[in-house]
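Biologist: I would like a close look at a single part of this model, taken slowly and with its surroundings described.

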Amino acid sequence: MANRSVVLDTETTGMPVTDGHRIIEIGCVELIGRRLTGRHFHVYLQPDRESDEGAIGVHGITNEFLVGKPRFAEVADEFFEFIQGAQLIIHNAAFDVGFINNEFALMGQHDRADISQHCTILDTLLMARERHPGQRNSLDALCKRYGVDNSGRELHGALLDSEILADVYLTMTGGQTSLSLAGNASDGNGTGEGSGAQASEIRRLPADRRPARIIRASEADLAEHVARLEAIAKSAGAPALWTQLAEAGQ
């Protein structure tokens, strides 16, 4: 589907992947046309090994909690179907992509063991470093810089972090996040489909109402508007939609 992106995050038993560490949680949220749809993929995984204590201190996912959870092979097809053909938006993509490729390779699915052949990958860490050289560009730092609420992030979690990263990405690139569709809560295993908001009742105004007062923009207002459009264009790397429509005479 055109303009479809998937914001993705993983949690693991530790690092690096070359030491035999595995994925224990995958969280993804879907964007279409730069809008959150409410669809997501979220699963906890049994890694068949214990997590390092340092990793547990970061994400809080204990070995006991993962007992009985599905293995990656059991959800691989569903996960691949969710991400296939999408633009993957990942913070520090090399880390997550390396682990995902490894999981497919361990299954013997070598045709899927390089997901860059099936998806395009956008690394928000590299993007942030280009925009803010010499500054801290962790997800928490970007939340503070762009005013994104991460107050619920006491520990790392793949689904929560992907939701926060979606807000950061849309804000960082000049997008809008407030008109998203609310998704159903996930039970921690499998996908969740977003449900549309119920239509509100149409309220008709009386025909004999007083005409609305028209307040025209002042010169200062117009100058501020132009400056805002220029700032959006600089941040997004492309003219704002308003500017494009104005230039097209619409």
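How much space lies in the second largest pocket, and which residues line it closest to its centre?

Modeller: In this predicted model, the second largest pocket holds about 550 Å³ of space, and of the 24 residues that line it, Asp-9, Thr-10, Glu-11, Phe-95 and His-156 are the closest to its centre. Strand E1 gives the most to this lining, with four residues, while E1, helix H1 (53-59), helix H3 (93-106), helix H5 (139-146) and helix H6 each supply at least two. By residue class, the lining divides into seven nonpolar, 10 polar and seven charged residues.

An annotation can be placed on this picture: the unreviewed UniProt entry carries a "binding site" annotation that covers Asp-9, Glu-11 and Asp-161. Although these residues are spread over 153 residues of sequence, they cluster in space, the largest C-alpha distance being 10.0 Å, and the lining of the second largest pocket takes in Asp-9, Glu-11 and Asp-161 from this set.

Two of the annotated residues can be followed further. Asp-9 is found in strand E1, which spans residues 4-12, whereas Asp-161 has its place in helix H6, residues 158-172. Asp-9 counts as buried because its relative accessibility is 14%, under the 20% cut-off, and Asp-161 is likewise buried, with a relative accessible area of 4%. Leaving aside neighbours within four places in sequence, Asp-9 is in contact with Glu-25, Ile-26, Gly-27, Asp-96, Gly-157, Ala-158, Asp-161 and Ser-162, so that strand residue Asp-9 and helix residue Asp-161, both annotated, are also contact partners.

Note on methods:
Residues are numbered from 1 along each chain as its sequence is written. This is a predicted model: local features need pLDDT of at least 70, side-chain atom pairs count only at pLDDT 80 or more; totals for chains, interfaces and linings use all residues. Side-chain values use heavy atoms; hydrogens and water are left out. UniProt positions are given in the numbering used here, feature names are shortened, and annotations may be inferred rather than shown by experiment. On a 1 Å grid over the protein atoms alone, a cavity is a set of points where a 1.4 Å probe fits but cannot get out, and a pocket is an open set with protein on both sides within 12 Å along at least five of seven lines; lining residues have an atom within 4 Å of a point. Buried means under 20% relative accessible area, exposed over 50%, partly exposed in between (1.4 Å probe, protein chains only). Contact means heavy atoms within 4.5 Å. Grid points are joined across faces, edges and corners, and a volume is the space filled by probe spheres set on the points. Ala, Val, Leu, Ile, Met, Phe, Trp, Tyr, Cys and Pro count as nonpolar, Asp, Glu, Lys and Arg as charged, and the others, Gly among them, as polar.
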